[in-house]
Structure formats: structure tokens, C-alpha cells
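These are my notebook entries on a structure that I looked through for its nonpolar core and its salt bridges. The structure comes first, and my entries follow.

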Amino acid sequence: MGGQGQILAIDRTDDSRFRLLIDAVTDYAIYMLDSTGRVISWNPGAQKFKGYTEEEILGEHFSRFYTEEDLATDLPTRALRAAAEEGRFEAEGWRVRKDGRRFWAHVVIDPIRTASGELIGYAKITRDLTERRAAERALRESEERFRLLVESVADYAIYMLDPSGIVSSWNLGAQRFKGYDTEEIVGQHFSRFYTPEDKATELPKRALATAEREGKFEAEGWRVRKDGTRFWAHVVIDSIRDDHGRLLGFAKITRDLTERREAQRALEQAREAFFQAQKIEAVGQLTGGVAHDFNNLLMAILGSLELVRKRVPEDPRVTRLIDNAYQAAQRGASLTQRMLAFARRQELKLAPVDVPNLVRGMADLLDRSLGPTVIIDTRFPLSISPVMADENQLELAILNLSMNARDAMGDGGHILISAQEAAIGDDDPAGLPPGRYVVVSVKDDGQGMDDRTRSRATEPFFTTKGVGKGTGLGLSMVEGLTAQSGGKLTIESQEGEGTNIRLWFPAATVNREAQRTFRRAPAEAEAEEARPIAILTVDDDALVLLNTAAMLEDLGHVVHQAASGAEALALVDKHDIDLLLTDFAMPQMNGVELAEAVRARRPDLPVLLATGFAELGEGASPHMPRLAKPFTQAELARAIAHAVDPEQSGRVVALRAS
């Protein structure tokens with residue numbers, strides 16, 4: 001068997017060895033035809049492919065292996081003629097087995113001639129390529145499906161680059177992300193998708209070099225669309241090589257992550273805000289608990305000092321010491337109010353407050369507090385709605401902010417106190433409900449805050465003042481006041497450009513009913529005259545219980561004492577009680593629960609709740625009379641009078657500004 005035009009000659013001396021070779025081949029059908037096309041030899045490979053034994057096929061014409069379609073075109077005759085004339089016939093096509101099944105065959109027919117050139121027959125070699133053809137067809141179909149898949153993907157830009165970075169293919173996702181049609185971009189260098197900053201650092205060139213060297217390049221960064229807009233992309237570049245390792249080009253996959261990046265940033269901001277809120281809440285709970293304990297201590301101290309002051313002989317040396325101790329305790333009470341304000345547990349008297357009138361009434365106080373080096377200006381509209389706030393606490397907040405502004409200006413400067421109305425829609429970042437608000441601003445031209453200071457300004461105990469010059473609770477207290485009042489605090493400040501603290505309060509609506517409350521009288525006020533009654537006082541703190549009982553006895557009342565709710569219920573059943581005076585925060589049974597249990601026995605028994613908390617939780621009636629801790633004997637006397645006589649003008653005794 002040779003090339004085109006080759007003549008096969010028979011050497012009879014090698015016939016036996018040649019026969020053995022042919023019979024050993026089973027992967028090829030190798031057989032001979034005479035000059036007319038009849039089979040004159042048959043090997044095991046031919047029997048395997050065709051299905052005929054040697055006895056069945058010898059002497060038969062080879063055309064029986066062809067399909068009816070090929071027989072109709074006289075292909076067998078044409079094949080022999082081509083082999084005889086051209087020295088070789090080679091083709092692929094369907095052939096037919098003995099059982100009628102078809103297989104895809106690769107066929108070679110060579111002429112066999114004598115040494116003198118006489119044609120004596122043909123050598124025919126057939127190979128069954130059915131499986132290979134099926135595999136090739138499956139590969140082509142897979143490639144076509146992959147091409148269609150790549151071209152139809154809209155969420156990823158998938159395209160090819162040649163080794164120099166020229167775009168050689170383009171899919172729907174690439175067109176959607178980048179904005180270029182296939183005709184516009186194929187043949188262009190892929191660096192046009194990069195920003196000028198990345199081009200300046202030769203990032204496109206470095207990306208291809210990395211992919212060629214390491215097999216892959218992966219990164220995220222800004223890319224540029226056809227219209228010049230930018231999008232945040234995740235990019236993967238893979239090198240493509242042939243079987244010999246030669247670089248053919250690069251496969252580039254790009255995904256637009258702009259929305260995911262923005263969502264991730266929003267999530268991180270929300271997570272940071274949540275962590276901050278958790279931290280503030282934890283510190284707030286700690287602060288509120290400490291303030292409550294301090295209230296109990298101050299209750300015992302102030303009450304005891306008040307009683308001692310009344311009972312000791314008039315001796316200036318002694319009374320001066322008592323008064324000094326009393327003033328120190330009052331300063332401690334002021335600090336606890338700040339702590340409670342930060343923890344949002346302070347009792348507030350929410351009522352309509354006219355801000356311009358409030359600030360004008362503070363003029364002398366501000367002048368004395370801030371000193372002559374500070375110029376104070378005010379700016380208010382001719383008409384502005386009142387705010388819903390606690391007047392005393394708002395006054396204290398404005399004073400606190402003004403003193404902070406003075407300290408920030410150092411050698412003096414200008415402070416502007418102003419107010420304006422504003423409306424909030426449904427998308428307020430702080431989550432305030434939609435409605436009308438009044439914004440009270442305290443603005444200075446001091447040194448301002450850097451980003452770190454501004455972000456921490458309202459944290460409890462954070463201060464930029466020197467040791468001993470500030471508690472770090474001022475802004476925390478003001479923020480607690482605004483939040484408890486249904487508003488918020490915002491800070492506008494740049495380093496070197498001053499600071500503007502803005503307090504948002506709900507605008508008071510017409511005819512809005514304010515909380516009914518009684519203001520504390522000055523500490524030196526005399527107690528109201530009242531008839532002696534039997535009072536059950538309950539407190540789990542022995543110091544407070546002893547002090548309260550002493551003040552009640554000094555007022556002339558009959559006092560029964562209990563250290564727990566269970567003990568109090570037993571005394572209610574045993575004695576004729578005219579009034580229950582109970583602490584709120586007690587273990588096992590708090591004051592509200594005790595009041596409910598007592599009223600189940602004695603529905604008509606007046607109850608007075610002593611507490612330093614603004615919120616009493618579930619079950620607390622808003623009409624339940626309350627007395628804010630720490631209280632003086634005069635405040636206690638008035639609270640008892642109003643609790644026993646419901647026809648008086650109010651029911652709640654609120655905190656005094658400090």
C-alpha cells in the first residue's frame with residue numbers, strides 16, 4: 001500500500017508472513033478485490049466490522065457494503081475507477097453491516113499491479129470511525145452550545161483577547177456592561193475599558209503579563225463604559241494555550257458589581273450603626289443603673305441632712321457644714337440627672353415651649369455663664385411653632401451647648417442661637433416619623449471638630465477637655481433629651497470652621513394635651529399643711545426606707561415600713577392604711593406590680609410611686625401619681641396631698657432642672 005500512483009507488487013516468497021500480518025489486524029478491515037470488485041480475501045478485522053465470515057463473503061461483490069443511496073449513484077464503480085486511474089481512492093461515508101446497521105467508515109482503495117503494470121485487483125482498507133464521528137459531532141454540538149451560552153449571557157461580559165490584548169469576540173453581557181456593539185469593539189484594544197488612572201500605571205499591560213505568567217489575573221476596580229460612566233467590576237483574565245503550551249490569547253470575564261458594592265457599603269454602614277447603638281445602649285443601661293443607685297444614696301443623704309438641719313441647735317459652725325454637705329449632695333443630684341438624661345430614663349415634662357421666649361429669658365444667665373469675651377446673637381423667625389419638650393431640660397441643654405461653644409473658641413468669639421421649622425418625610429436617616437419639627441441651633445466659630453472627634457462627640461464620657469474640666473456627658477445628655485422628646489441631635493462641623501449643633505424637636509400641635517405635672521418648689525419651700533394619715537412606705541433600700549420614714553414621721557404621719565412587696569401586702573391586710581408610697585425598682589415585685597396587687601384588695605387606696613425612671617414598663621398607668629427621686633420633704637408633702645386628694649390640678653411630680 002503506497003501513495004498516489006504507487007504500484008503494489010506481490011512477492012510470493014513473503015506470502016506466508018504477509019498473510020500472518022493481515023490476519024493479526026482486527027481494528028482495520030483489510031481485504032482484496034479482484035479487478036471486477038469481487039472479494040478474494042478477508043481478514044478478522046473485516047469480519048468484525050462487516051459481520052460476514054470469510055466463507056460468506058468470498059466471491060461476493062464489495063458493493064454490498066454500500067448504502068442504497070451510494071449504490072444509486074454508482075459509487076462502488078466510481079471508487080474502483082478512481083483508484084485505477086489515479087492510483088488511490090480515499091473517502092468517508094456510511095457503510096452497511098451484514099445485519100443492516102450502518103457505520104461511518106474511512107475507506108482507502110489502492111490498485112494492485114504486477115511488476116509489468118498489469119492491474120490484477122485492489123487492496124481495500126476500511127476503518128470504523130462511528131465512535132470518533134459521534135465524539136466529533138458531540139464536540140461540535142458542545143462548542144455550538146457553549147458559543148450560544150456565552151453569547152446569550154447578559155450578567156457577565158465574556159470575550160476573547162488575542163495575545164496582544166485586541167478584542168476578538170464579544171457577548172451580550174459585554175455589550176450591556178460596556179455599551180459597545182460587536183462591530184464597534186472587535187479589533188480594538190481592551191485597555192479602552194480602563195480609567196485614566198489605571199492606564200497611567202499600565203494596569204492593562206500588567207494584567208495580561210500576570211495572566212500569561214501565572215495563568216490567571218483577578219481583581220476588582222473601576223471600569224469605564226462607552227458613555228464615560230464608571231462601574232465597579234470584578235475581572236478575571238485566563239490565558240488560553242494550545243496542546244504545546246503556545247499562548248493563543250486570553251479569556252476575559254467581567255462582572256458589574258456596582259449595585260452589590262453599594263449594597264455592601266450600605267450594609268457595613270448599617271452594621272456599624274447597629275454596633276454603635278448596641279454600645280450606646282449597653283453604656284446607657286449601665287449609666288441608668290448607676291444613676292438609680294446614686295439617686296437612692298442621694299435620697300438618704302439629702303433627706304437626712306434636711307432633717308438634721310431642722311433639728312440641730314442654731315450654730316453657724318454646724319449649720320455651715322450641713323449646708324455645704326447639702327449643696328454637694330445637690331450637685332451629685334445634678335450629675336445623676338445628666339446620667340439619667342443620657343440613659344433616657346429621666347422624667348420629662350413634655351409641654352409646648354416657646355423657644356424664642358425661652359432663649360430671651362436666658363439672656364442674663366448666658367451672659368453671666370459665658371463671660372464678656374463671648375458675643376451671643378439670636379435669630380428667630382417672626383412666627384415659629386412651639387416645640388414639645390421639657391422646658392427646664394431644654395434650657396439646660398442650650399446652656400450646656402453654649403458653654404461647650406465657649407470652651408471651643410478659647411479666647412472668645414461669636415455664638416449664634418437660632419431656630420427654624422423643618423419638615424421630615426418618610427426617608428429620614430435617623431428614623432424620625434414624618435411631620436413638622438423645630439430645629440434649635442447653637443453655632444460657634446471655634447476650632448471645629450475633625451472626623452474622629454465628630455463621630456465620637458456624643459459618646460458617653462468622651463471629652464476633649466482637660467482632666468477635671470468636663471464629665472463627657474454633656475452632649476450625651478442633650479442627645480438623650482432630644483431622643484426622649486421624639487427628636488434627634490445632629491452635628492455639622494469642620495476642623496477650623498466652627499461647629500453647629502442642631503436639636504430637632506417635634507413641633508407642638510394645637511390643643512395638644514401636655515402631661516399633667518407639678519414643678520418642684522425651691523428646697524427652702526415649706527411643706528403644705530396636711531392632716532396626719534397612716535402611710536405604708538415600701539423600699540428595698542434600707543437607707544432610703546429609713547430616710548423616707550423619718551421625713552413622713554416629721555410631717556406627723558403614722559408610718560408603716562416594708563422592705564418588699566410581699567411584706568407590704570401583709571401590712572395592708574393587717575393595718576388600716578390611707579396611702580401606699582412605694583419605690584418602683586424592687587426585686588421580685590416592682591412598685592407597679594405591688595400597686596396592682598394592693599388595689600385588688602383595696603381598690604380605693606391611693607398609691608404614690610417614687611422613681612427616678614421616666615418609663616415604668618408594661619402595666620404602669622399614665623395616671624398613676626409619681627414622685628421623682630431624689631425629693632425633699634416639702635415635695636413629699638405636696639405629693640402626698642395631691643395623691644390623697646385627686647381633685648387637685650395634677651398627678652405627677654416631675655424633676656426640677658439642675
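Before reading any accessibility, I noted the cut-offs: buried means under 20% relative accessible area, exposed means over 50%, and partly exposed lies in between (1.4 Å probe, protein chains only). The model is predicted, so local features need pLDDT of at least 70 and side-chain atom pairs count only at pLDDT 80 or more, while totals for chains, interfaces and linings use all residues. Residues are numbered from 1 along each chain as its sequence is written, and side-chain values use heavy atoms, with hydrogens and water left out.

**Entry 1: the core**

I looked up the largest nonpolar core (a set of buried Ala, Val, Leu, Ile, Met, Phe, Trp, Tyr and Cys residues joined through side-chain atoms within 4.5 Å). I found that this core has 38 residues, and that Leu394, Ile398 and Ile415 are among those with the most contacts inside it. Helix H15 (residues 391-409) gives the most to this core, with 8 residues. Here helices (H or I, at least four residues) and strands (E, at least two) are DSSP runs, numbered from the N terminus. In soluble globular proteins, nonpolar side chains tend to be buried together.

I then took Ile415 and set aside its neighbours within four places in sequence; its contacts (heavy atoms within 4.5 Å) include Leu370, Val374, Ala405, Met409 and Val442.

**Entry 2: the salt bridges**

I counted a salt bridge where a side-chain nitrogen of Lys or Arg is within 4 Å of a carboxyl oxygen of Asp or Glu. How many salt bridges does a search of the whole structure find? The search gives 23.

I examined Arg102 and Glu69, whose closest N and O atoms are 3.1 Å apart. Arg102 belongs to strand S3 (residues 102-113) and Glu69 to helix H4 (residues 68-72), so this salt bridge ties together parts that are 33 residues apart in sequence. Arg102 is partly exposed at 41%, and Glu69 is partly exposed at 47%.

For Asp110 and Arg88, the closest N and O atoms of the salt bridge are 3.8 Å apart. Asp110 is buried at 3%, whereas Arg88 is partly exposed at 28%. I also noted that a network of salt bridges links Arg88, Glu90 and Asp110.

My last pair was Arg436 and Glu421, a salt bridge with its closest N and O atoms 3.1 Å apart. Arg436 is in strand S13 (residues 435-444) and Glu421 in strand S12 (residues 413-424), so the pair joins parts 15 residues apart in sequence. Arg436 is partly exposed at 42%, as is Glu421 at 37%.
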